[in-house]
Amino acid sequence: MLANRCLIYRRRVPEQVPNPDFPGRPSSGWDWVRPRGQEAPLGLIWAMIGLSPPTRAGSATPLALDEQLRFERYLTRFRTRHTPAYRFDLVVLGGGVAGSVAALTAAARGLEVAVVTKGGLSEGNTRYARGGLAVVWGAEDSFESHVVDTLACGRGLCEEAVVERIVRGGPAAVEFLQQIGTHFDRGPEGDWVLSREGGHSYPRIIHARGDSTGLEIQRALSDALRSEPRITTFPDTFAIDLLVEPEGPVQGVLTQTPSGNLVVFGAPEVLLATGGAGQIYRETTNPVVATGDGLAMAARAGARLRDLEFVQFHPTCLYIAGAARVLISEIVRGAGGTLVDRDGVAFMADMHPAGDLAPRDVVSRAVFRRMIETEDTNVYLDLSEVEGDPHALFPSISRTCRVFGIDIARDPIPVRPGAHYFVGGIAVDGDGRSSLPGLWGVGECASTGLHGANRMGSNSLLEGLVMGMRAGETFHAQVATVFKELASDGCAKRWQHTGDPVLDVNIEDLTYSLKSIMWRQLGVERSAEGMREAVQKIGFWQRAVRDLAPATMPTFTLTNMLTVARMTAVSGLSREESRGVHYRIDHPEASEGLAWHTILAPSRVADGEVEIQLERAEVGSGSPLPTP
Ligand SMILES: Cc1cc2nc3c(=O)[nH]c(=O)nc-3n(C[C@H](O)[C@H](O)[C@H](O)COP(=O)(O)OP(=O)(O)OC[C@H]3O[C@@H](n4cnc5c(N)ncnc54)[C@H](O)[C@@H]3O)c2cc1C
């Protein structure tokens, strides 16, 4: 049952220091990883990975846009005075690893927390994580090595201070998970079983129940959320829009409950932990809840977003019409599985020295190219050379394939790439603060600068954990919100919807068209021509949905997906180079000596609309991070 709460907390706020990136948003003076004066010798790190330090590109340079990027401020019409409201010290949107850890950490400090999730409490990307969680633990491994590996993978766009902090925060974060009852796999001596993944120089991946790491972490977190008395969970509750005073801080969130009613969650601080946006692509490993709502909501409310063009594709997703795009992890290729085309020709050995175990972006592009060359819808994973019985080694893949008549010991498995991880997101500082007062972001929806232009395997669970804890320790929650009246006409046209079937927009059809164009034109390979066409078409669909679709949850979701897709396309168009997971056939090389972040900077304009400006910001000093 929903409890109405109105609690006022005061607590000692740590020493505040000015935050050069977000004036008016002081940073906590905590130096949470390394004592000052002992920063990593980053020049040395660049030398070790054989790259030059990124050239400073001059901060926040505005860029011209082909067409205006405008969105309506609110998805629907409401009036806060007429809407039932709940009050909490903190509202967390999302119950995955990042949101749950932040909520539990904040609750342990005495805050009353609401955790709102659009599906079941445990549904999100976290529960599907397979490989594991990267943490420096073994005697031979070192924080420096993990930092070096992460910087190399990020191709010049990582925020070095953040990488350092998150990597060093790993052991404490894993300790937290163990305390709440997560069971990681251990060997006969009781030590964690550590495995090695692509890009990591040492075995530093811990896992749980084999390849069910995410499921075990999510189980422990959801159990902990349910048993913490200061946390109230609100499953199946869709967050529609952030409520922000015109010149002031965030006041709360407008939501739609399972019964279809609008309800406001008021709080002085709101944390977005809404995960990724893989669902804007036709092929994706992400579950249906991953539609980028947090990114769209943040942009409408005026928060800055960063590097949305970087979308990681996993090269091997099961491709059987009608079946879920189940991820077939690198472990299968590590055990001897080989990628072959329709003629049985193995093609990875010619593409990269590491062959089938080349980095994900390289394999994804090679698979994509082979599909075009052979005019096939997929390639195949051949397990006939695997040592041992494939059914015993990969029971879940075996089970899924068997349903579709594929015997994995005998028949090659059809696979193709799928959108896997959203590298960019809401620009946040080292505590998770966004550019908008009172709004925070952690996990996949946020851009801390850990991943740069590519994500190294098993670093995202680590990031969600460490940043969730960090934000949870930092929320102020000085006083509960006193609501002022906030009224919006929302999307007025949507409310004049006539119900005339001739003028109806087919939401399902448009959703499929969006996913298809994103897959074709903003997928593994991109070009200016394709992205420009995508920007225009998506803009047209946005207007159609605004003018003709009814005010329902499918419309809200599609609007969010269109918003994220268009921002992704505009960002991709503006980056005229190939870097990390952003590969342009018309600009196949990385720009020499230049490394910058793509920033989307929204501002409120007349007629209830938000206009987004595109900017470039230098890596490092131009990032929204407090100086360590
Ligand atoms: C198949 C797969 C395998 C992976 N394997 C690994 C791995 O081995 N190691 C690794 O480090 N990473 C892995 N990842 C990535 C990693 O799982 C995710 O990046 C991470 O779990 C994201 O956590 P999160 O808390 O940010 O978001 P999520 O776990 O996705 O949670 C998002 C939450 O936001 C809620 N939400 C979204 N929109 C709304 C809304 N409008 N209103 C209310 N609530 C909303 C959802 O209901 C959900 O609770 C994998 C991802 C996938 C898909």
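**A predicted chain and its ligand shell**

Colleague: Of the contacts in the chain with a separation of 6 or more, what percentage is between residues 24 or more positions apart?

Modeller: This is a predicted model, in which local features need pLDDT of at least 70, side-chain atom pairs count only at pLDDT 80 or more, and totals for chains, interfaces and linings use all residues. Residues are numbered from 1 along each chain as its sequence is written. Two residues are in contact if their C-beta atoms, placed from the backbone, lie within 7 Å. For contacts with a separation of 6 or more, the share from residues 24 or more positions apart is 75%.

Colleague: How many helices and strands are in the chain?

Modeller: Both are DSSP runs numbered from the N terminus: helices (H or I) have at least four residues and strands (E) at least two. By that count, the chain has 15 helices and 27 strands.

Colleague: In what order do the five strands of the open sheet lie?

Modeller: Strands pair if DSSP finds at least two bridges between them, and in this sheet the pairing is parallel. Strand E12 (231–234) and strand E23 (439–441) are the edges, each pairing on one side only. The order is E12-E8-E7-E16-E23.

Colleague: Which residue in E23 stands opposite Leu-272?

Modeller: Strand E16 (residues 269–272) and E23 run parallel and are joined by three bridges. Opposite Leu-272 in E23 stands Gly-441.

Colleague: Which helix gives the most residues to the largest nonpolar core?

Modeller: A nonpolar core is a set of buried Ala, Val, Leu, Ile, Met, Phe, Trp, Tyr and Cys residues joined through C-beta atoms within 7 Å; buried means 20 or more other C-beta atoms within 10 Å of a residue's own. The largest such core has 148 residues, and Val-91, Val-92, Val-113 and Leu-271 have the most contacts inside it. Ten of the core's residues come from one helix, H15.

Colleague: How many residues are in the second, separate core?

Modeller: Among its members are Cys-317, Tyr-319, Met-348 and Val-363. The total for this core is 23 residues.

Colleague: Which helix supplies the largest share of the shell around the ligand?

Modeller: A residue is near the ligand if its C-beta atom, placed from the backbone, lies within 6 Å of it. There are 44 residues around the ligand, and Gly-94, Gly-96, Gly-124, Gly-275 and Gly-443 come nearest. Elements that supply at least two shell residues each include helix H2 (97–108) and strand E13 (238–244). The largest share, four residues, comes from H11.

How values were computed:
A residue is buried if 20 or more other C-beta atoms lie within 10 Å of its own, exposed if 12 or fewer, and partly exposed in between; C-beta atoms are placed from the backbone.
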